[in-house]
Amino acid sequence: MAKAKPRYCELCGREIRGEGHVVRLEGAELLVCDDCYRKYGRKQPGTFSIMPKGREPIRRMTVSRPRPQVKRERPLITEDIVEDYAERVMEAIRRSGLSYEELSHRVGLSVNVLRRIAHGEYMPTIEEARKLEKYFKIKLVEKVEADYEQRPLIPRDYEPTLGDIARIRIRKRKK
């Protein structure tokens, strides 16, 4: 008579002495040792939770109201930096009579960035332009109204094909 092959716990890896126990964790049935069974086996099958015992998660009931579907076509408004930002910033720096170092501390930008913006070598971000606008009281950011692009309506029963999704490049054969 051959010696029985030892069985190992599928959670901790220890050799199982005795029968072993079958536990269901996250939808999988595992053969576990006595120690792992004490930790995970007392729960109902399929109800494994990492929450400590005696503590239930707070369940908040939310009432979802159906929102009315109102489709408004509103224009797309974006912000952009004015084209002559460099001249405006340079003029404001001259009017202030302060050095780049003093201005950089007051405005909150580095000396290099401030100098590059004034000379037109660097276009400021919207945040940087707002800082300059606030300190110098000049206008650098303008609102631009773009044309509203209406997307083509796709029927609900439409099923896309591979050709609709993939961009196909057709290469011409060399002759």
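# Cysteines, a hairpin and a helix pair

User: Why is the sulfur of Cys36 not in a bond with the closest cysteine sulfur?

Analyst: The closest cysteine sulfur, in Cys9, is 3.7 Å from that of Cys36, which is too far for a bond, because a disulfide is a pair of cysteine sulfur atoms within 2.5 Å. The model is predicted, with local features needing pLDDT of at least 70 and side-chain atom pairs 80 or more, while totals for chains, interfaces and linings use all residues. Residues are numbered from 1 along each chain as its sequence is written, and side-chain values use heavy atoms, leaving out hydrogens and water.

User: What about the sulfur of Cys33, and how many disulfides does a search of the whole structure find?

Analyst: The sulfur of Cys33 has its closest cysteine sulfur in Cys12, at 3.7 Å, again too far for a bond, and the search of the whole structure finds 0 disulfides.

User: Why does Cys36 count as buried?

Analyst: Cys36 has 5% relative accessibility and therefore counts as buried (under 20% relative accessible area; exposed is over 50%, partly exposed in between, with a 1.4 Å probe and protein chains only). Cys33, at 7%, is buried as well.

User: What makes helix 3 and helix 5 roughly perpendicular?

Analyst: Helix 3 (residues 100-107) and helix 5 (residues 126-136) pack at about 105 degrees, their axes 10 Å apart, and they are therefore roughly perpendicular (65 to 115 degrees; under 35 is roughly parallel, over 145 roughly antiparallel, the rest oblique).

User: In which sense do strand 1 and strand 2 pair?

Analyst: Strand 1 (residues 21-25) pairs with strand 2 (residues 28-32) in the antiparallel sense over 5 bridges, and pairing requires at least two bridges found by DSSP. In their hairpin, which has 2 residues between the strands, Glu26 takes a positive phi near 50 degrees, and Leu25 has Ala28 in strand 2 as its bridge partner.

Technical notes: Axes fitted to C-alpha atoms, helices over the stretch in contact; angles between N-to-C directions. Helix = DSSP H or I, 4+ residues; strand = E, 2+ residues; numbered from the N terminus.
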